[in-house]
Every structure is written in C-alpha cells, then in structure tokens.
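Student: I have a model open and would like to know how its ligand site and cavities were defined. Could we go through the terms one by one?

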Amino acid sequence: MSSLRLDARVAGLEPSATLAIQERSRALARQGREVVRLGLGQSPFPVPDVVVEALRDHAREKDYLPVGGLEALRAAVASYHEARHGIRAHAEDVLVAPGSKELMFLLQIVHDGDLLIPTPAWVSYEPQARIVGRRPVLIHTRREDDYKLHAEQLEALCRESRETSRVLILNYPSNPTGTTFSPAELDAIAEVARRHEVVVLSDEIYGELHHEGAHESIAKRYPEGTIISSGLSKWCGAGGWRLGTFVFPRELSHLRRAMAAVASETYTSTSAPIQYAAVRAFERGEAVDRYLASSRAIVSGLARASTALLRQGGAELPEARGAFYVYPDFEAHRARLARRGITSSPELAEALLEEVGVACLPGSDFGRPISELALRLSLVDFDGARALAAMAARDTSSPPDEDYLEQHCGRVLEATRRIGVWMCAD
Ligand SMILES: Cc1ncc(COP(=O)(O)O)c(C=O)c1O
C-alpha cells in the first residue's frame, strides 16, 4: 500500500534510543554474546513489597477512573509534595497519567510557544516536540558547569527572544549526568524564570534517588510558575506499571484542564489497580523509607566507584549526586580514538558494544553535538533484589563498602574497568 503517506512530522522518526539499545543488546545476547547492559535507564530494584501487596489487593478494580486520576491518589500525591517539598498542593492540582512521559507529551500538545531544553537532556523531550510540530530551543550547558543550566544562560535566552509563552524543562537529578542543582543554583534560576515569566516543568522523577536523600524542588522557590513531574518509575522501581504525576500551581489550572481534556479523548484514564497501589507508594511509611534508604546507598556507592574507575581510564565526568547514571567524556582520548576511526559519540558507543561488550548510549542521543565523545552509562546491570536484601542488616547512612559493591554490582564495576583499559590501549 505505497499510497499510504506518513505525516511529515513523524517521517524518519525512529523508536526511542533507550528502547533501541535494549533491543540491540538482547539480539547480541541471543547470538551468545555477553553484553553488560548499561543502556536502558530502568531501576534495578523490585517494587517494594508493601506496594505489590496493595496492587494485589486491588486487582479486581475494573472501572474507568476519572481522567485526572483517582481522588485518593491525587490527595496522596499532593500531601507527599507538600510534606517533601514545602509547597501547597491539593488533590485538584494533580494530574495522573500512564507515565510522566505521557504527561509531558500532553503538555507539548496543548502548549503554544517555546520549549526550552537544556542539554544534555533526557532522550524524549526533543522528539516529542518534533512529533507535535514544534521546534524546541536547545540550550547547550557546559562541561565546566557540570552540564547544569546556568541562570545567566537562561537570562540571555529570555532577553534575545520575543516569545512570551515559554516552558523550561529542568531535570534534576539529571538523566543523563546524575548531577543536581544546589539550593543557590535553584534560587538563581527561579529568580530569572519569575522575572521573565518562564514556566518551569520540573522533572523530578529521580528526586527520591538523590544520593543523600536531600532533594529540593524549585517549586518551593517559584511556586506560581512550577509544574512538578514525578511518578513511580524510578524511585519505586515500577517503570512498567506506567504511572506518572504532574502537580500544577493554581495559576496554571487552564493548562491542567486542557491536558485533561486531551487525555479524556485519548487514553481515558490510568490503569485502576495501579492507581490504587500508587496510593500506598505515595503514602510512604517505614517499609518504603527503608527501601529508599537502601536504594540510595547502593546507587550512590556504585556511582562513586564507577566514577573513580572511569577517571582512572582518562574520562572527565561530574560527580553524580542522584539517580543511577554517569556521563563520562573521553575527549582526552580523542587522538587515540581517531586513529581507530572513532570521531563521534555514536561511533564510540558502537565500538564499546562490539569490542568491549558494554551497551551504553552516545551523548548525541541527549541532544549534544555528535562530535563530543561523551556517553551515558546506566549503572543498573545487577540483581537489585539481591542487593537490597544484602543491605537489610547494614547501615544505610553511608554507601556500602568495596567488598559489597564487588559482590553485588561486580558486573557494572567490571564494565567500567574494561572501558578504561580499552580506551587506554593503542
Ligand atoms: C528524566 C526522565 N523523565 C521522564 C521519564 C519518563 O518516565 P515515566 O514515563 O516512566 O514516568 C524518564 C524515564 O526514563 C526520565 O529518565
């Protein structure tokens, strides 16, 4: 049926980079190749038992729920953000959807104006903008700023442009770098955003995975202009359950209503049993807190150890302070790599997969210039359930020791070691 045309906005669009690398790794594994999977950004940890039990208890919930979400869940999400981030929120300010990715897409559909994306940025923001026919404004952050948006960059951009309807995506802790903003940096960005009336879409999906449990939201500093994005996927290990949340300020209720209207004509509502179970997750409590403390200690220890190994291998990378990613740049090896025919991040990622057996994503997938030799490593190829069980008897106030990491996350450490050795080989 060659007469069937594709819309110009999606022609040439490929499946999301993270999903593609997972497919590629699986295909190599089927051929009997050993591949360490540091490509997909999926939590290594199981969903906490108490949340799984809540899902089991509600398996018979079968009715469509309100498009905005189950009232009890919206109330739990609002209370959680009030307690955790010092903002005022009510159930009616919350929108629940099958994943925060879906909510971001809805936002892009209903918003008319500029979307500002600091890079390196999560892989889907930009393609979503293109699908809805908008041209996002990329702001390349600097390596010397640890790839964090500087308030002055935002100021310069706002001064240059005449557009007044603007949304800035701020993701911290960051995917792909693991870095996060200090309170002073958040203050500075909030001040510029308020002055120029830029709405901040604060993607805090990794907030609970701040390595010290000290995540702060920009919403506290700029409540009237911040939408907080969160969900179950990362801190609750439930990516496949598909549940995301947005919390809106009253000032943006017209945006929330427009998004809910589009949602009502597309997915109708989010899976009912999952929403009931999510109430339990957002209520937190001792079991969930313990799970989180252990998860943070493990990812923090692993990020530190991997960073040290990558630096020994000549990489430059910022200290990760949250999430489970590191973002090494191999600029120091440019000449050596060029002799092997590698001059871009996709070529580097491809060579690592083929020659070292490590799957990771090139910096270019995160909106960076293709010639940069940076990669995102997702430090998740280990048995999260076993690692958590082994933390049960341990102090979680500091990262586990080297022996623990070698025993439970050895594949990841070995992969980072092998990358360093491969880089340095002539
Ligand atoms: C930075 C960031 N934001 C949003 C998402 C989307 O999460 P979900 O749709 O599972 O809520 C992800 C998932 O990888 C992410 O890394």
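Tutor: Happily! Helices are DSSP runs of H or I with at least four residues, strands are E runs of at least two, and both are numbered from the N terminus. Helix α4, residues 100-110, gives the shell around the ligand its largest share, three residues. This is a predicted model, where local features need pLDDT of at least 70 and side-chain atom pairs count only at pLDDT 80 or more, while totals for chains, interfaces and linings use all residues. Residues are numbered from 1 along each chain as its sequence is written, and side-chain values use heavy atoms, without hydrogens and water.

Student: What makes a residue count as surrounding the ligand?

Tutor: One of its heavy atoms must lie within 4 Å of the molecule. For this ligand 14 residues qualify, and the closest are Asn175, Asp203, Tyr206, Ser233 and Arg242.

Student: Why is the pair between the ligand and the side chain of Trp122 called a polar contact?

Tutor: A polar contact is a pair of N or O atoms within 3.5 Å; within protein, one must be able to donate a hydrogen and the other to accept it, and residues adjacent in sequence count only if both atoms are side-chain atoms. A ligand oxygen is 3.4 Å from an N or O atom of the Trp122 side chain, so the pair qualifies. For the side chain of Ser100 the distance from a ligand oxygen is 2.7 Å, and for that of Tyr206 it is also 2.7 Å. The protein covers 92% of the 400 Å² of accessible area that the ligand has on its own (Shrake-Rupley method, 1.4 Å probe).

Student: What makes a space a cavity rather than a pocket?

Tutor: On a 1 Å grid over the protein atoms alone, a cavity is a set of points where a 1.4 Å probe fits but cannot get out; a pocket is an open set with protein on both sides within 12 Å along at least five of seven lines. The ligand sits in the second largest pocket, so more than half of its atoms lie within 2 Å of that pocket's grid points.

Student: How many cavities of 30 Å³ or more are there?

Tutor: Two turn up in a search of the whole structure. The largest holds about 180 Å³, a volume being the space filled by probe spheres set on grid points joined across faces, edges and corners. Its lining (residues with an atom within 4 Å of a point) has 21 residues, with Pro118, Pro120, Tyr147, Asn171 and Ser174 nearest its centre. The second largest cavity is about 50 Å³, and helix α3 (residues 71-85) supplies the largest share of its lining, four residues.
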